[in-house]
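Reader: I would like a close look at a single part of this protein, namely its nonpolar interior and the strands that build it. Please take me through that part in one connected account.

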Amino acid sequence: LSFTTVVPEWERLFVAGAIDWRHVSWGGVRIDDRPFNETHRPCNCIPAADNPQVTGVAGANWLDDDAVVFGIEVNGEYRAYPRRIMEVREMVNDTLGGRDLGIPYCTLCGSAQAYFTDRMPGDVKRPVLRTSGLLIRSNKVMYDINTFSVFDTFLGKAVTGPLAERGIVLQQIGVVTTTWGKWKSAHPETTVLIEDLALGRDFDFRNGRDANGPIFPIGDVDTRLPVHEDVLGIVTDKGTPIAFHIKSALAVLGQGEPIAFDNVRLVLDGGGVRAVDANGKDLGGHQAFWFAWSQFHPETKLWPF
């Protein structure tokens with residue numbers, strides 16, 4: 001492939017698997033192939049953060065109340081990942097509530113996701129997720145630095161390499177997109193990543209570079225919503241993908257009305273929306289641009305119906 005003449009390190013990624021490499025494009029950055037826990041080393045890449053330093057609410061006076069954060073809760077422990085940091089890092093490998101997590105953020109898809117990366121079967125080592133610098137359908141292509149197995153970032157499924165051969169599909173946990181002010185008010189015990197992780201940068205891709213639509217190739221566009229409309233996407237226990245229009249959901253839930261489909265119930269959490277089951281258990285939903293969710297789930301239902 002001609003890509004490897006630009007970045008020879010990609011050679012290990014371009015292997016046969018459940019991915020059509022003809023749909024891959026280059027995002028203009030090189031691969032992040034730094035070993036685990038060496039993410040302080042400079043690189044000509046989008047630099048993932050491993051085991052990021054955090055602080056409590058009192059130590060986050062640099063973060064404005066209206067700053068967008070991605071809130072995650074595991075076993076009663078709460079953490080906020082500021083969008084300002086995630087737009088620089090695009091990948092965090094963290095531990096929260098006693099569980100290991102891989103947290104990719106795709107600026108192009110407006111999508112922060114969180115996957116458990118522990119409790120792997122047998123002798124499978126914890127996947128350490130990295131940004132490859134490649135894109136497919138305008139979604140970042142992530143891979144595991146230990147095995148160079150490529151994952152479908154949006155679905156959490158290994159599509160090449162040893163982890164694909166083992167059938168690894170990462171379990172997703174819910175991410176709440178909200179503001180720092182609302183998140184810390186609802187969860188005053190939360191921790192938050194420190195400002196230094198932003199590397200002095202303050203991007204706003206959503207209102208700048210990507211404001212006029214996807215800038216990399218995608219498939220057929222689903223016209224039921226504008227491409228950059230926010231939805232909360234989840235796959236129900238019956239295997240049905242469904243996208244909930246965020247603005248509509250916030251309005252309905254704010255009036256105290258229920259929203260439910262199959263086993264999914266939507267609830268307000270810290271100013272954002274979370275998908276839970278009838279017992280209040282998190283179901284792993286996440287927010288994304290409509291074009292992204294519908295690209296990877298072309299058969300999706302859309303609420304309101």
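Author: A nonpolar core is here a set of buried Ala, Val, Leu, Ile, Met, Phe, Trp, Tyr and Cys residues that are joined through side-chain atoms within 4.5 Å. The model is a predicted one, and its largest nonpolar core, understood in that sense, has 32 residues. Those with the most contacts inside this core are Ile-72, Tyr-81, Leu-101, Ile-103 and Trp-180. At least two residues of the core come from each of strand 4 (68-74), strand 5 (77-82), helix 2 (83-89), strand 6 (91-96), strand 7 (99-106), strand 9 (114-116), helix 4 (180-186) and strand 16. Strand 4 gives the most, with 4 residues. In soluble globular proteins, nonpolar side chains tend to be buried together.

Strand 4 and strand 5 deserve to be read as a pair. They run antiparallel to each other and are joined over 6 bridges, and within this pairing Ile-72 has Arg-79 of strand 5 as its bridge partner. The two strands form a hairpin with 2 residues between them, in which Asn-75 takes a positive phi near 50°. Strand 5 itself is mostly covered, since 5 of its 6 residues are buried. Strand 5 also pairs with strand 16, in this case in the parallel sense and over 2 bridges, where Arg-79 has Thr-191 of strand 16 as its bridge partner. Arg-79 is thus a bridge partner of Ile-72 and of Thr-191.

Trp-180 can be followed through its own contacts. Leaving out residues up to four places away in sequence, Trp-180 touches Val-57, Ala-60, Leu-63, Asp-64, Asp-65, Ala-67, Val-69, Ala-80, Thr-190 and Val-192. A second core, separate from the largest one, has 18 residues, and among them are Phe-3, Val-24, Ile-136 and Tyr-143.

Beyond strand 16 (191-193), the loop that leads to strand 17 (230-235) holds Asp-222. This residue counts as buried because its relative accessibility is 17%, whereas the cut-off for buried is under 20%. The side chain of Asp-222 makes a polar contact with the side chain of Arg-224, at 2.9 Å. When neighbours within four places in sequence are left aside, Asp-222 is in contact with Trp-290 and Ser-294.

Notes:
Residues are numbered from 1 along each chain as its sequence is written. This is a predicted model: local features need pLDDT of at least 70, side-chain atom pairs count only at pLDDT 80 or more; totals for chains, interfaces and linings use all residues. Side-chain values use heavy atoms; hydrogens and water are left out. Buried means under 20% relative accessible area, exposed over 50%, partly exposed in between (1.4 Å probe, protein chains only). A polar contact is a pair of N or O atoms within 3.5 Å; within protein, one must be able to donate a hydrogen and the other to accept it, and residues adjacent in sequence count only if both atoms are side-chain atoms. Contact means heavy atoms within 4.5 Å. Two strands pair if DSSP finds at least two bridges between them.
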